Structures are given as C-alpha cells and as structure tokens.
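Let us walk through this structure step by step, moving from the confidence of the model to the chain as a whole, and then to its interior and a few individual residues. Please keep the sequence and the three-dimensional view open while reading.

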Amino acid sequence: MSQLLNLEGRRFGKLTVLEQAEHRGGRVAWRCICDCGEEKDILSTSLTSGKTISCGCFRRATTRATGKTNRKPPYIKRLRSIYSAIQGRCYDKGNGGYKNYGGRGISVCEEWNGEHGESVFIVWALENGYEDSLTIDRKDNDKGYSPSNCKWSTMKEQQNNRRNNRIVTYGGKEYTVSQLSEKINIEYGTLLNRIDSNWDKKDWDLEPNL
C-alpha cells in the first residue's frame with residue numbers, strides 16, 4: 001500500500017489545504033479553503049493534477065466573463081503563451097531574450113513555478129487587471145517575475161519601462177542603466193540623458209567627473 005501524500009498546508013491555485021477530509025468513494029479527499037473564503041472537500045488527485053484550483057468561483061467568474069461553458073476562454077491561450085515566454089527568457093539559455101533576463105539573474109518566483117505555477121499565474125492575472133490589450137510588465141526591471149513586482153501595462157507604458165532595462169557596457173562588464181547609476185554614483189536620469197546624447201564612449205572606461 002502506497003503511503004498517503006500529505007498535502008496539509010500546501011497551496012493549489014486559489015486553494016489552501018487545511019486538513020484531510022473523509023474519503024469519498026474510497027478516494028482520499030482534503031478540506032480546503034479558497035481565497036474567496038469558502039471551504040470545500042476536494043479529491044487529492046484533483047488537487048495534485050491541477051484539475052481543481054478553486055472552490056468553483058474561478059470557473060464561475062470566467063464563465064460570466066465569456067458566457068461560454070463548453071470550452072476554455074480565448075484569453076487562457078494567450079496567458080499560457082505569456083507564461084511560456086516568461087519561463088523561456090528566464091531559464092532557456094537558447095532563448096533570444098535569455099541574455100537580458102536569466103543571464104543577469106532574473107527569475108520567476110516560486111509561486112509561479114513548479115507543477116501548478118501556470119494555473120496560479122493565470123488566476124493572478126485575471127484577478128489583477130489582465131486585459132487582452134495589455135502586456136505583463138515588471139515594476140522594477142532589476143527584480144524577477146512575481147505578484148508583487150508585476151502589473152499589466154499598455155504597450156506605451158511597457159516601452160517606457162524598458163528604458164530601465166537597457167544594457168550598457170562599462171569597464172568591460174554589462175550593466176542595466178540603474179545598476180550602473182548606483183555603481184558610478186550618478187543620478188539615474190542624468191546618466192540616461194548622457195547615454196541618449198551619445199556620451200563619448202571613452203568615458204565608459206573612466207570614472208566620470210561629477
């Protein structure tokens with residue numbers, strides 16, 4: 001007989017496991033509390049497979065938004081694509097964006113990683129301003145992907161924010177503009193203006209005069 005997998009305290013999507021519940025038809029179930037406050041007994045296999053990620057409120061919300069019950073909403077495909085792109089640029093060394101992301105230490109938080117990371121990410125997106133016209137954006141481009149550091153932005157806002165993520169070479173090493181600003185003690189806006197005005201490249205090998 002296989003040992004019971006203890007799920008107590010673990011989180012699956014919007015659900016947190018409180019304790020083991022009575023078996024349902026000979027199958028193991030767990031008492032869970034949803035982020036909406038409702039408690040429900042859910043089969044162990046439904047939790048670990050990712051089949052169930054809420055008490056039902058998540059499905060009801062997406063159904064109301066689309067009026068469709070027989071297939072996944074169209075935006076789920078887009079969110080899965082966004083999630084895959086995030087993972088790729090953070091962890092796939094063959095990805096074209098890896099150099100400016102995973103290559104400089106940008107990662108995805110534990111909550112959005114692992115077996116149920118995609119489902120948790122989708123729930124977060126739909127509860128935090130996702131719209132088909134928006135793109136995911138990090139508030140601080142020197143930090144990774146997490147609920148506290150991500151938001152949904154217009155393309156114009158995204159392009160403006162990417163200025164913080166520009167890579168420059170100084171002393172033979174690569175830095176973001178904000179990293180270099182801190183290293184050489186020049187205010188961020190001043191440094192960015194110098195870069196945009198074609199600051200003489202020889203200055204990159206010298207400590208600039210303040």
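Cys90 is a convenient residue to begin with, since it is buried, with a relative accessible area of only 4%. The closest cysteine sulfur to that of Cys90 belongs to Cys150 and is 9.4 Å away, which is too far for a bond. Cys57 is likewise buried, at a relative accessible area of 16%, and the cysteine sulfur closest to its own, that of Cys34, lies at 3.6 Å, again too far for a bond, because a disulfide requires the two sulfur atoms to be within 2.5 Å. In agreement with these two cases, a search of the whole structure finds zero disulfides.

Before going further, it should be said that this is a predicted model, and that the confidence score, pLDDT, averages 78 over the protein chain, with 77% of the residues scoring at least 70. Residues 204-210 deserve caution, as their pLDDT stays under 50, although the model has 19 contacts for this stretch beyond four places in sequence.

Taken as a whole, the protein chain has 210 residues, of which 40% count as buried, and its secondary structure comes to seven helices and eight strands. Among the contacts in the protein chain with a separation of 6 or more, 43% are between residues that are 24 or more positions apart.

Where, then, do the nonpolar residues gather? The largest nonpolar core has 26 residues, and those that touch the most other members are Leu79, Trp112, Phe121, Trp124, Ile136, Tyr145 and Trp152. The helices α3 and α4 and the strand β6 (150-153) each supply at least two residues of this core, and the largest share, seven residues, comes from α3. Apart from this core lies another, of 11 residues, which includes Leu7, Leu15, Ile42 and Leu47.

Helix α4 is worth a closer look, for it is mostly covered, with eight of its 11 residues buried. Those buried residues are Gly117, Ser119, Val120, Phe121, Ile122, Val123, Trp124 and Ala125. After α4 comes Gly129, whose phi is positive, near 90°.

Several aromatic residues of this region are also connected to one another through their rings. The structure holds seven aromatic pairs, and one of them joins Trp112 and Trp124 in a tilted arrangement, with 4.9 Å from centre to centre and 55° between the planes. Trp112 lies in the loop between α3 (74-91) and α4 (117-127), whereas Trp124 is in helix α4 itself, so the pair ties together parts that are 12 residues apart in sequence. Both of these tryptophans, Trp112 and Trp124, are buried. Ring pairs link Trp112 and Trp124 with Tyr83, Phe121, Tyr130 and Trp152 into a cluster. If we leave aside its neighbours within four places in sequence, Trp152 is in contact with Leu79, Ile82, Phe121, Trp124, Ala125, Asn128, Gly129, Tyr130, Leu134, Thr135 and Ile136.

Rings can also be found beneath charged side chains. Arg89 lies over the face of Tyr101, at 5.1 Å from the ring centre, and the charged end of Arg138 sits over the ring of Tyr145, 5.1 Å from its centre.

Three residues in loops complete the tour. Ser146 lies in the loop between β5 (135-138) and β6, and at 15% relative accessibility it counts as buried; leaving aside its neighbours within four places in sequence, Ser146 is in contact with Cys109 and Trp112.

Is Lys14, in the loop between β1 (11-12) and β2 (15-20), buried or exposed? At 5% relative accessibility, Lys14 counts as buried, because the limit for that description is under 20%. Not counting residues up to four places away in sequence, Lys14 touches Ile33, Cys34, Asp35, Ile53, Ser54, Cys57, Phe58, Val123 and Glu127.

Cys36, finally, lies in the loop between β3 (29-34) and β4 (39-43), and with a relative accessible area of 47% it is partly exposed. Beyond the residues up to four places away in sequence, Cys36 touches Cys55 and Cys57. Cys36 and Leu15 are 21 residues apart in sequence, while their C-alpha atoms are 9.2 Å apart in space.

Note on methods. Residues are numbered from 1 along each chain as its sequence is written. This is a predicted model: local features need pLDDT of at least 70, side-chain atom pairs count only at pLDDT 80 or more; totals for chains, interfaces and linings use all residues. Side-chain values use heavy atoms; hydrogens and water are left out. Rings of Phe, Tyr and Trp (its six-membered ring) pair if their centres lie within 6.5 Å; planes under 30 degrees apart count as stacked, over 60 as edge-to-face and the rest as tilted. Helices (H or I, at least four residues) and strands (E, at least two) are DSSP runs, numbered from the N terminus. Buried means under 20% relative accessible area, exposed over 50%, partly exposed in between (1.4 Å probe, protein chains only). A charge sits over a ring if NZ of Lys or CZ of Arg is within 6 Å of the ring centre and within 35 degrees of the ring normal. A nonpolar core is a set of buried Ala, Val, Leu, Ile, Met, Phe, Trp, Tyr and Cys residues joined through side-chain atoms within 4.5 Å. Contact means heavy atoms within 4.5 Å. pLDDT is the predictor's confidence in each residue, from 0 to 100.
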